Amino acid sequence: MKLNIAYPATGCQKLLKIEDEKILSVFYDKRISQEVPADRLGDEWKGYILRISGGNDLQGFCMMQGVLTNTRVRLLFKKGMPNFSEKRKGSRRRKSVRGCIVDSQLSVLDLVVVRKGEQEIPGLTDTTAPRRLGPKRVGKIRKLFNLSKEDDVRQYVVHRPLPEKDGKKPKSKAPKIQRLVTPARIQRKRKVLAMKKHRSEKNKLAAAEYAKLLAQRQREKRQALLSRRRSSNRTSTSSA
């Protein structure tokens, strides 16, 4: 079995291939999100605590949280469920997934370092992998650079340099900032609110005109009925 161990503090991952069942038995019958001490992996792992975050079996079917079994099952997926993307509105699909309990049929087990031990693990805790992409949302950019509302967020976007081409100037790529409040956005919002207000006033006027027309029609209908009754009464008295 392969153990894919991630350390979020440095952004690094380490893949260990372990064949010894005695070492792997500490993970068996554990569920996703449970924490396991990593002392059995070696002396350098002493004091480390790992959290199980997922895994795949030999055929590539991934583990799913909440399926309390260590075998593969077929579930009916719909919109909002994990491991499923809706291709057509309202569609459902039956898929095979593996339960959230670890057993020997897994090929890869995903682990996350929750607590660091005394020693450094080469390639995992001693190096730092730089983030390839910077934040895209306005709030996250402000949080990263500790900016205030008055600062211009567009000056702090992280630009990613592109590979240079022969005889051309170096280029960089930057994300489009999301949730950025600009004068055009404020004007558009003002326009939408004005249109909504105009629409509601128009509907009120139309409803008032319709009520007035309906009352007039009912009044005319009532008058016609009264006139018919009067004429019938006159004819009956004249014949008598």
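In this predicted model, Leu144, Phe145, Tyr156 and Val158 together make a nonpolar surface patch of about 320 Å². One member of the patch, tyrosine 156, lies in the loop between helix H2 (138–145) and strand E8 (160–161). Because its relative accessibility is 34%, tyrosine 156 counts as partly exposed.

The interior offers a counterpart to this patch. In soluble globular proteins, nonpolar side chains tend to be buried together. Here the largest nonpolar core has 28 residues, and those with the most contacts inside it are Leu3, Ile5, Phe27, Leu41, Trp45 and Leu109. Two or more residues each are given to this core by strand E1 (2–7), strand E4 (49–57) and strand E7 (106–115), with the largest share, 4 residues, coming from E7. Phenylalanine 27 illustrates how such a residue is surrounded: leaving aside residues up to four places away in sequence, phenylalanine 27 touches Leu3, Val36, Leu41, Leu50, Ile52, Val102, Leu109 and Leu111.

Charged side chains form a further set of contacts, and the count comes to 5 salt bridges. Three of them are listed here.

| Salt bridge | Closest N to O distance | Accessibility of the partners |
|---|---|---|
| Arginine 98 and aspartate 57 | 3.2 Å | both buried |
| Aspartate 103 and arginine 98 | 3.9 Å | both buried |
| Glutamate 120 and lysine 116 | 2.8 Å | partly exposed, 41% and partly exposed, 33% |

Salt bridges that share partners join Asp57, Arg72, Arg98 and Asp103 into one network. Within this network, arginine 98 forms a salt bridge with aspartate 57, and the pair links distant parts of the chain, since arginine 98 belongs to strand E6 (residues 93–98) and aspartate 57 to strand E4, 41 residues apart.

As for the overall fold, the protein has 3 helices and 9 strands, and from the N terminus on its elements run β-β-α-β-β-β-β-β-α-β-β-α. The radius of gyration is 35 Å, well over the 18 Å that the globule rule gives for 240 residues, so the protein is more spread out than a compact globule. Taken along the principal axes, the C-alpha atoms fill a box of roughly 120 × 55 × 40 Å. Of the 240 residues, 24% count as buried, and the accessible surface comes to about 18,400 Å², of which 51% belongs to carbon and sulfur atoms. Among contacts with a separation of 6 or more, 55% are accounted for by residues 24 or more positions apart.

Technical notes:
Residues numbered from 1 in each chain as written. Predicted model: local features only at pLDDT ≥ 70, side-chain atom pairs only at ≥ 80, totals over all residues. Heavy atoms only, no water. Patch = residues over 30% accessible without salt bridge, like charges linked within 9 Å, V, L, I, M, F, W, Y side chains within 5 Å. Areas by Shrake-Rupley, 256 points an atom, 1.4 Å probe, with all protein chains shown as cover. Salt bridge = Lys/Arg side-chain N within 4 Å of Asp/Glu carboxyl O. Buried < 20%, exposed > 50% of the residue type's maximum accessible area, 1.4 Å probe, protein only. Core = buried A, V, L, I, M, F, W, Y, C linked by side-chain atoms within 4.5 Å. Contact = heavy atoms within 4.5 Å. Rg over C-alpha atoms; globule rule 2.2 N^0.38 Å.
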